[in-house]
Amino acid sequence: MKKLLPITLLLVLAWSPPVFAQQTWPSHITLRTATQVELSSDSLVNRGHPTIISFWATWCKPCNKELDALSELYDEWREETGVRIYAIAVDDSRSQADVVPHANGRGWPFDVLLDSNQELMRALHIFAVPYTLLLDGQGTIVYQHNSYKDGDEDELLEQIKKLAASPNPQ
Amino acid sequence: MKKKSILLLAVGALCIISTTWGQNAGRVSGSVQIEAQTSHRDTAIGSEDVPSRLLLNSYADFRYDNGPFSAGLRFEAYHNPLLGFDPSYKGAGLAHYFFSYQNDQLELTAGHYYEQFGQGLVLRAYEDRLLGLDNALQGVRLKYRPVKGITLTGLIGRQRSAWDFGAGIVRGLDGEMALNSIFSTLSESKTRVNIGLSFVSRFEDDESITSDNPAYMLNLPLNVGAVSARMHMTHGHFSLQAEYAGKGQDPNITNGYIYKYGSAVLLNTQYARPGFSASLRAQRVDNMDFRSVRSRSGDMLHINYIPSIAQPHSYTFFNLYPYATQTNGELGIQGNLYFKLRKGTALGGKYGTDVHLNYTTISSLDTMRIGGRGTDGYTSKPIGSNREHYYTDLSIELSHKFSPTVKAGFCAGYIVFNPIVEGHAGQLHHNWVLATDVTLKLGSRRVLRLEAEWLESDSKYDAVVDDKRCGDWLMEVVEYHFARHFFVQANLQRCYHDGTGNYNQVAVGYTHNASRLQVGYGRQRQGIVCVGGVCREMPASNGLTVSFITSF
């Protein structure tokens with residue numbers, strides 16, 4: 001009976017060969033805004049334009065560095081490419097109350113959302129923050145990277161520009 | 001095993017059925033994580049040889065999504081579990097599987113699932129691999145959204161405990177209402193209000209437990225209920241969040257089999273506008289350890305989660321004495337102030353400076369003992385003055401950008417820690433901590449980060465308690481990122497007074513897209529590792545560590 005696991009997986013894969021095609025953004029997962037309004041993960045897709053999703057936590061130093069860097073570049077990037085940034089906090093109830101004061105205190109201009117029991121994080125198989133994803137205008141994940149070091153935002157910009165220049169318009 | 005196989009077949013079959021349901025073939029995603037460790041005897045830090053030489057935890061997750069259908073499974077192997085993990089994890093097998101159907105109104109999950117009601121005071125099922133915690137519920141969960149703004153959740157299941165399940169059955173109901181979405185007259189209101197109610201009940205068979213007088217057996221409640229009510233209100237820049245939970249009579253091993261009712265209150269108020277925010281939190285917890293098995297202590301089988309009010313820190317020495325939530329009694333307050341010193345001012349410089357001030361203080365409750373097993377145990381005052389000091393943290397943290405290539409952080413703090421929260425008697429430890437780090441961008445692909453930390457403590461090493469954190473500490477970290485994807489790091493920590501050794505580590509790593517490989521070598525201090533106020537004792541180790549994670 002132990003053989004059932006690989007058999008099941010093989011059956012699923014054999015039945016549907018295109019499944020490993022480009023990753024798509026999960027739908028139907030409930031997030032919350034800073035004012036506790038529920039919204040579905042689908043609504044984050046920036047129809048026709050790229051979206052940057054950054055998973056972060058208040059206690060994560062590299063996350064804060066990355067979001068500080070994106071914060072400085074946001075206006076310029078938005079004007080140039082129409083990109084939208086969402087910072088999704090994965091803080092649990094210990095530090096969740098700090099998310100809004102923290103983001104406001106640092107003056108981040110983008111939307112901050114809450115994934116309080118890490119449901120979206122799990123659906124994307126993310127186990128550590130910071131973790132950043134770039135979605136195209138249809139919700140396909142075209143780039144992702146884990147961790148952060150200064151200068152990683154340059155690579156992100158390259159990817160956004162590549163997306164903007166791709167033959168299929170966003 | 002037979003049941004597991006049937007369920008696995010069901011998951012597989014439903015995956016295949018669902019591929020034909022949607023217009024496309026759906027999507028398979030997954031991840032693989034491997035954590036390996038060796039360790040040898042080192043009398044200076046108290047580490048021991050590992051009989052099997054190599055310890056290894058590995059996890060493989062697969063998830064299939066197609067329209068409204070999702071299915072997933074996780075294979076885990078512990079050959080043998082890493083140091084600090086519960087030995088009962090030893091083994092390998094299918095640890096987690098689920099199938100779910102979801103549309104705009106309905107969500108049905110069968111198999112394993114994670115869930116949280118409100119802030120978790122009466123129910124939180126979650127996974128934290130670093131701590132080896134996974135109290136997923138196995139059973140059925142239904143979520144129903146009859147109208148916009150109302151979410152009803154019902155669930156039943158048993159909790160995972162390594163490769164087994166807790167004997168108790170957990171049932172839960174939760175309702176949450178967003179008043180502004182329900183009532184059209186409030187839809188444009190600047191004041192937004194959400195309210196919620198939860199009820200959780202545990203059923204566990206009777207067992208033979210004596211009272212303080214061995215001639216009498218305790219009359220144990222088979223069903224133990226807990227309720228909570230919560231409210232979250234925002235008005236412009238202001239917000240107020242409150243949650244109250246009460247628990248019925250729940251004699252268990254952690255409270256000494258007393259019959260006192262439990263309660264918890266969390267209050268949080270904040271003012272937040274761009275560039276400035278302030279928050280104030282208060283928390284009172286009384287006899288709220290709630291598990292699906294009354295005779296279990298340790299990390300497993302918690303039904304609820306009491307968040308720690310202590311401030312999480314990112315610098316190492318601020319976490320040398322982490323505070324673990326005292327689920328059976330604590331009273332704490334915390335205040336935070338965040339602001340940005342403006343660009344162009346003397347302190348703000350060219351780019352501005354971020355400032356964060358924090359003050360936290362936590363104590364025991366003011367209690368009076370009235371009896372032992374089989375009685376109410378004690379009485380407690382709502383606040384009172386006869387409280388034992390557990391923890392204080394006063395800190396200031398600054399982040400400043402000097403130029404496009406130079407950034408720095410600084411944190412200074414004073415931390416008072418009572419070892420009784422870790423179960424050790426002794427004097428309060430008073431710690432002064434300074435930490436700073438500088439990041440230099442040397443080119444488009446090269447980054448150098450330097451970090452230095454200092455901790456001075458009045459704690460004295462005691463051979464009986466053998467707390468190797470005692471003494472005064474210095475730490476230096478040098479980290480160099482190069483060729484876009486690689487990094488090397490040296491982390492040197494030493495106790496320079498009342499010496500309890502030095503802990504030096506080196507690590508190299510490779511990070512690319514969704515993958516990360518890290519290899520380290522060195523000493524790891526014995527101590528407590530905490531995430532979110534939940535802590536695990538970590539034995540000392542000296543050896544190699546390998547960590548690999550990727551997702552697809």
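User: Reading along the sequence, what pattern of helices and strands does chain A follow?

Analyst: Keep in mind that we're looking at a predicted model. Chain A has five helices and seven strands. Read in sequence order, they give the pattern α-β-β-β-α-β-α-β-α-β-β-α.

User: In what order do the seven strands of chain A line up in the open sheet?

Analyst: Start from the edges: strand E2 (38–40) and strand E7 (141–146) of chain A each pair on one side only. The pairing in this sheet is mixed, and the twist averages 30° from one strand to the next. The full order in chain A is E2-E1-E5-E4-E3-E6-E7.

User: Do E3 and E4 of chain A run parallel or antiparallel?

Analyst: In general, strands of a sheet pair through backbone hydrogen bonds, and either direction is possible. Here, strand E3 (residues 51–56) and strand E4 (residues 84–89) of chain A are joined by six bridges. You can spot Ser54(A) standing opposite Ala87(A) in E4(A). These two strands, E3 and E4 of chain A, run parallel.

User: Helix H2 of chain A lies across some strands, so at about what angle does it run to E3(A)?

Analyst: Find helix H2 (residues 61–81) of chain A, which lies across E3, E4, strand E6 (131–135) and E7 of that chain. Helix H5 (residues 152–165) of chain A packs on the sheet too, touching E3, E6 and E7, and its direction makes about 15° with that of E6(A). For H2 against E3(A), the angle is about 160°.

User: What area is buried between chain A and chain B?

Analyst: The contact takes 65 residues from chain A and 89 residues from chain B. Carbon and sulfur atoms give 53% of the buried area. The area itself is about 6600 Å².

User: How many salt bridges are there between chain A and chain B?

Analyst: Side chains of opposite charge can pair when their charged atoms come close. Over all chains the count comes to 49 salt bridges. Between chain A and chain B, it is eleven.

User: Why does the salt bridge of Glu158(A) and Arg484(B) join two chains?

Analyst: The side chains of Glu158(A) and Arg484(B) meet with N to O at 3.9 Å. Glu158(A) sits in helix H5 of chain A, while Arg484(B) is in the loop between strand E27 (472–482) and strand E28 (486–497) of chain B, so the pair joins two chains. Glu158(A) is partly exposed at 43% relative accessibility, and Arg484(B) is partly exposed at 23%. The two chains joined are A and B.

User: Are Lys143(B) and Glu115(B) buried or exposed?

Analyst: These two form a salt bridge, with their closest N and O atoms 3.1 Å apart. The pair links distant parts of the chain: Lys143(B) is in strand E10 (residues 137–144) and Glu115(B) in strand E6 (residues 115–116) of chain B, 28 residues apart. To count as buried, a residue needs under 20% relative accessible area. Both Lys143(B) and Glu115(B) are buried.

User: In the hairpin of E15(B) and E16(B), which residue takes a positive phi?

Analyst: Strand E15 (residues 223–235) and strand E16 (residues 238–247) of chain B pair in the antiparallel sense over ten bridges. Thr234(B) has Ser239(B) in E16(B) as its bridge partner. The hairpin has two residues between the strands, and the one with a positive phi near 60° is Gly236(B).

Technical notes. Residues are numbered from 1 along each chain as its sequence is written. Chains are lettered from A and ligands numbered from 1 in the order in which they are written. This is a predicted model: local features need pLDDT of at least 70, side-chain atom pairs count only at pLDDT 80 or more; totals for chains, interfaces and linings use all residues. Side-chain values use heavy atoms; hydrogens and water are left out. Helices (H or I, at least four residues) and strands (E, at least two) are DSSP runs, numbered from the N terminus. Two strands pair if DSSP finds at least two bridges between them. Axes are lines fitted to C-alpha atoms, for helices over the stretch in contact, and angles run from 0 to 180 degrees between N-to-C directions. Contact means heavy atoms within 4.5 Å. Buried area is the accessible area (1.4 Å probe) that two parts lose on being put together, summed over both. A salt bridge is a side-chain nitrogen of Lys or Arg within 4 Å of a carboxyl oxygen of Asp or Glu. Buried means under 20% relative accessible area, exposed over 50%, partly exposed in between (1.4 Å probe, protein chains only).
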